Number of protein chains: 2
Amino acid sequence: MAITVKDVALKAGVSTATVSRVLNNDPGIKPQTRKKVKTAILDTGYRMNKAARSLKTSRTGTIGLLVPELVNDFFMTVAQGVEDELHNSGYGMIICNANENRRDEEDRINLLIEQCVDGVIIIPASSEGRHFNKLRRAGIPVVMVDRLVEGFEADAVLADNVNGAYSAVAHLISSGCRRFGFIGGSLELSNFSERFEGFKRALTDYNIPVEEPIIKFGDVHVESGYDLMEELMNQDNPPQNIFIANYFLHVGATKYLLNNRETASSEIRIAGFDDMALSSILGFSSVTVSQPMREMGRRAAALLLRRINTKTPAPCQLIRLKTSLVTH
Amino acid sequence: MAITVKDVALKAGVSTATVSRVLNNDPGIKPQTRKKVKTAILDTGYRMNKAARSLKTSRTGTIGLLVPELVNDFFMTVAQGVEDELHNSGYGMIICNANENRRDEEDRINLLIEQCVDGVIIIPASSEGRHFNKLRRAGIPVVMVDRLVEGFEADAVLADNVNGAYSAVAHLISSGCRRFGFIGGSLELSNFSERFEGFKRALTDYNIPVEEPIIKFGDVHVESGYDLMEELMNQDNPPQNIFIANYFLHVGATKYLLNNRETASSEIRIAGFDDMALSSILGFSSVTVSQPMREMGRRAAALLLRRINTKTPAPCQLIRLKTSLVTH
DNA sequence: CTGTTAGCGCGTTCAA
DNA sequence: TTGAACGCGCTAACAG
């Protein structure tokens, strides 16, 4: 059996209440008694039982982080940011993997509710968010990151996708490019529709036509990037400049080009989204929109902690963080 | 205030004990009463308070996963495997980031102990493991993955690094290569020393000398791979065949070669370790040792759950999983 | 097969 | 400034 406040109290010659007060930094304690208790804590090697505290305070000191997948540098960089912030407050983070589908996502939400997390940060797996309302009903604060969803409103931390995409395309235009293909994920996902919006806006501003046949949408993965680039390159008049709306599509597209060096022009220039460790070794890449991923995680966690610590329900907050442009 | 077993009991016209039994799938319950309770649970929207259960059972239903870093496909693929297995048992996983250093690692261990996790899976950040003994003292079972450490013994799940490295080098030898460079992490890390062992053994078996000057050790990161490849290529007689002992070193080394296409021979052939999504787009790569990462995570979790569920202390178990060879 | 009851370890009144 | 006593929601032991 582990050491409890009782043991500490006995050793220090005080009551358990006093020990508890010392543990929680209650100011109204005589310095001398505090000292006594503190040494007793060290002597006994006491460790608080969070389960018991949780039962009293109905706070577990853990938050949930729900991501579409674990093996994904974007999501994990956000997770790093979340951990940075959380650790300062002694919070733990239960990471759950939605496996890119709503069913598992809902499943994990149930798990998190049962684990009695104090709050949840979600990077949604799809555009549908009605199942998140369970959290609201359970009184658990939620912060969304990267994407917004339908059927559920909450605080959110997002990148300025529109301007990010705009600036990348504008950059290529200013260096002489005059015709652009597009590869992106489904427009149902808010981040992709925003990036497409920025793409179109840049073309319009510079009087460049948006050509339907060289605008391609798929899912968000490497394979999709490969396939879409193949479709693009097999056209009669393939574009030489392509905006690709996320990192994994970018990787896949590059893979296609590398596998088809003979047929594909070496003059191709790609503007990508997300600047990762490997971005710089992708050939054909000339410029990349960098999201402040870690900062997004930090801000989301900070916002969530604030919600947890203030019971008064405030209106939803939407934080947009600026992107930056990286040239390779 | 939330709904408790009391409310459910009242609604179902039974005692709280019966509700508890239904909740825990106690077999000795009349089907009829079970039905009654189940509907009462649904009607009231009851959700169990795990904190209270934990207090009683001294089990939290969470385990800790301590990794050197989050943004790392190898660690996260292992994490996926852990989650796969855990989720079947309703367990949650608190992921902690050791930030590649012992101090943070120790810090996170304290966090996990305070969170009262039922067990911990560790991918050690260094070769030193004395600080893990805290877990043992707290009565928390531990399983190590990927590496062994000094000063702490526990169950472990490892890849067969020696034979993995051996087979990759042997493969290149059988296709005509006769001189090999080596790039790896510190030999203090058990996985790297094992891979180096396999490398040497292959050369010895085929009567190829191990040439000190083209054997390079660094840390485990991209930058190190870049630098070591540079050192190798700047020698008078640079090797054309190189075994690189992990994925990130491989990426860094490739980066150097791509940045120096003019000077570096295009005949270079690399045998790498770890087969990742991006491995196939790394140029120069001809063969890769693939670790069953996800399976390693699953096995580690399964082993840990077994330890948690059987109080009888058994001798440490060491699981070695076979690697496979992927050609590109 | 089911109910009664006694804590698990802590935080929090209320008195002193 | 401190202590005594109660109860958070649940499970386990024992009765019935």
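In this predicted model, the surface near DNA strand D draws at least two residues from each of H2 and H4 of chain A and H2 and H4 of chain B. H4(B) supplies the largest share of that surface, namely five residues. In total, 27 residues surround DNA strand D, and the closest are Ala17(A), Thr33(A), Thr4(B), Val5(B) and Ser20(B). Sorted by class, the residues of the surface near DNA strand D comprise 12 nonpolar, 11 polar and four charged.

DNA strand C can be described in the corresponding terms. This strand is surrounded by 27 residues, of which the closest are Thr4(A), Ala17(A), Ala52(A), Ala17(B) and Thr33(B). Two or more residues of the surface near DNA strand C come from each of helix H2 (16-23) and H4 of chain A, and likewise from helix H2 (16-23) and helix H4 (50-57) of chain B. Here H4(A) gives the largest share, five residues. The class division for the surface near DNA strand C is 12 nonpolar, 11 polar and four charged residues.

The relation between the two protein chains may be considered next. Chain A is superposed on chain B by a rotation of 180° with 0.1 Å of shift along its axis, at an RMSD of 0.3 Å. The two copies are thus related as by a two-fold rotation axis. Within chain A, Ile94(A) has the C-alpha nearest the axis, at 2.2 Å from it. Both copies use the same surface, since 100% of the contact residues of chain A recur in chain B.

The contact between the chains involves 37 residues from chain A and 37 residues from chain B. On the side of chain A that touches chain B, the elements giving two or more residues are helix H4 (50-57), helix H5 (73-88), strand E2 (92-97), helix H6 (102-114) and helix H11 (247-259) of chain A. The largest share of this side, six residues, belongs to H5(A). The side of chain A that touches chain B has 20 nonpolar, 11 polar and six charged residues. H4(A) thus appears both in this list of elements and in the surface near DNA strand C.

H5(A) also packs within its own chain. Its axis and that of helix H12 (residues 293-309) of chain A come within 7 Å and cross at roughly 45°. Because angles from 35 to 65 degrees fall outside the parallel and perpendicular classes, H5(A) and H12(A) are oblique to each other. The crossing of H5(A) past H12(A) is right-handed. Residues of H5(A) in this contact include Phe74(A), Val78(A), Val82(A) and Leu86(A), and those of H12(A) include Met293(A), Met296(A) and Ala300(A). The contact of H5(A) with H12(A) comprises 10 nonpolar, four polar and five charged residues.

A further helix pair is found in chain B. Helix H1 (residues 5-12) and helix H3 (residues 31-44) of chain B pack at an angle of about 120°, with their axes 9 Å apart. H1(B) and H3(B) are therefore oblique to each other, and their crossing is right-handed. From H1(B), the contact uses Asp7(B), Val8(B), Lys11(B) and Ala12(B), while H3(B) contributes Lys36(B), Val37(B), Ala40(B), Ile41(B), Asp43(B) and Thr44(B). By class, the contact of H1(B) with H3(B) has five nonpolar, one polar and four charged residues. Val5(B), at the start of the range 5-12 assigned to H1(B), is among the residues closest to DNA strand D.

Conventions:
Residues numbered from 1 in each chain as written. Chains lettered and ligands numbered in written order. Predicted model: local features only at pLDDT ≥ 70, side-chain atom pairs only at ≥ 80, totals over all residues. Contact = placed C-beta atoms within 7 Å. Helix = DSSP H or I, 4+ residues; strand = E, 2+ residues; numbered from the N terminus. Nonpolar A, V, L, I, M, F, W, Y, C, P; charged D, E, K, R; others polar. Axes fitted to C-alpha atoms, helices over the stretch in contact; angles between N-to-C directions. Parallel < 35°, antiparallel > 145°, perpendicular 65-115°, else oblique. Left-handed = near helix turned anticlockwise from the far one by under 90°. Near = placed C-beta within 6 Å. Least-squares fit on C-alpha atoms with pLDDT ≥ 70 in both.
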